[in-house]
Amino acid sequence: MQTQHPIIIGHRGAAGEAPENTLASFALALEQGAQGIELDVHLTKDGEIVVCHDPSVDRTTNGSGLIVNQSWGDLKALDAGFWFSEAYTGERIPLLREVFELVPRGLLINVEVKHAYEGRMEKALLAFLRESGRLEDVVISSFDHKVIQRLKQQEPEAKVGLLYAANLINHAAYAKQLGVDVHSLHPYHHGIEHEDVAAANAAGLATYPYTVNEIADYKKLIACGVTGIITDYPARLQALLQAQ
C-alpha cells in the first residue's frame with residue numbers, strides 16, 4: 001500500500017548541508033532518509049556526462065570555464081567542495097555513472113537536463129540509461145520541454161518530467177500538449193495549489209515541486225497530496241514527516 005507521505009528527494013543531494021552535486025552531498029541525502037535524489041547534467045568536451053548545475057565550473061570549483069570546452073581529465077582534477085567548507089576539500093565533480101553506483105537500485109534518480117548540446121546530450125544520456133538497466137528508477141526532467149518530448153519519442157520506456165516556474169492555468173492539460181506520455185510535473189512550489197495537484201493525480205501524473213526548504217511550505221504541500229518534495233534539507237523534511 002502506498003504511503004500518503006510524499007517521498008523526500010534531495011536537491012543536488014543535501015545541498016543545504018553539503019557541496020551541491022557531489023558524491024558527499026548525495027551520500028548525506030541518503031543517510032538523512034531521502035528516497036530519491038535530484039541532480040543536473042552537462043556534457044564534457046570528450047562526451048562524458050558529468051553532474052554539475054551550471055554550464056561552467058566557476059561557481060562550484062576552483063576552476064573556470066565551460067564544461068563543454070573541457071575534458072573529463074581536466075574536470076576531475078578540480079576541487080568542488082572547498083567553497084562550501086574546509087571539511088569537504090577534495091570533493092570533485094562526479095560522473096553520472098559514479099552517482100548511479102552510489103545510489104541503491106529502487107531509489108528515484110531525477111536527472112535534470114540543463115542543455116541539449118545540439119542533441120548530443122539526449123543521445124549520450126539515453127545510451128547511458130539503457131546500459132545502466134535502471135530506466136525504471138529514473139525521471140528525466142528539464143525546463144526545455146522540446147528536449148523532454150524528443151527523449152520520450154526516442155525512448156518510450158523513459159520516464160519524463162516537466163520543469164517549470166509558471167503558474168499554469170491547467171498543469172495537467174499542459175502536459176497533454178506535448179503529445180507524449182509525461183510521467184511527472186516538477187513545478188516551482190509556489191506555483192501549484194491543491195486543485196492543481198488533485199487534477200494531476202486524476203490524470204495519472206506524479207507531482208514533484210521544487211525547491212522546498214521551509215516547514216510551512218512542507219506542510220502545505222503535504223496537505224496538497226504531492227508525490228514527492230524536492231528539498232535542500234532532507235533531514236528537515238524527514239523529521240517533520242516522522243512527527244506527523
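Contact here means heavy atoms within 4.5 Å, and helices (H or I, at least four residues) and strands (E, at least two) are DSSP runs numbered from the N terminus. The model is predicted, so local features need pLDDT of at least 70 and side-chain atom pairs pLDDT 80 or more, while totals for chains, interfaces and linings use all residues. Residues are numbered from 1 along each chain as its sequence is written, and side-chain values use heavy atoms, with hydrogens and water left out.

Helix H9 (residues 234-243) is a good place to start. Pro234, Leu237, Leu240 and Leu241 of H9 are buried (under 20% relative accessible area, against over 50% for exposed and partly exposed in between; 1.4 Å probe, protein chains only). These four sit on the same side of H9, because they cover an arc of only 130 degrees around the axis, taken from the directions from the helix axis to the C-beta atoms. An α-helix has 3.6 residues a turn, so residues three or four places apart point the same way. The buried residues of H9 pack against strands S1 (7-11) and S9 (228-231), along with helices H1 (23-31) and H8 (215-224). Gln242 and Ala243, both exposed, are carried on the face turned away from the buried side of H9.

Next come two loop residues. Arg12, in the loop between S1 and H1, has a positive phi of about 55 degrees without being a glycine. Glu118 also is not a glycine and has a positive phi of about 55 degrees; this residue lies in the loop between strand S4 (108-113) and helix H4 (120-132). Arg12 is buried at 14% relative accessible area, whereas Glu118 is exposed at 68%.
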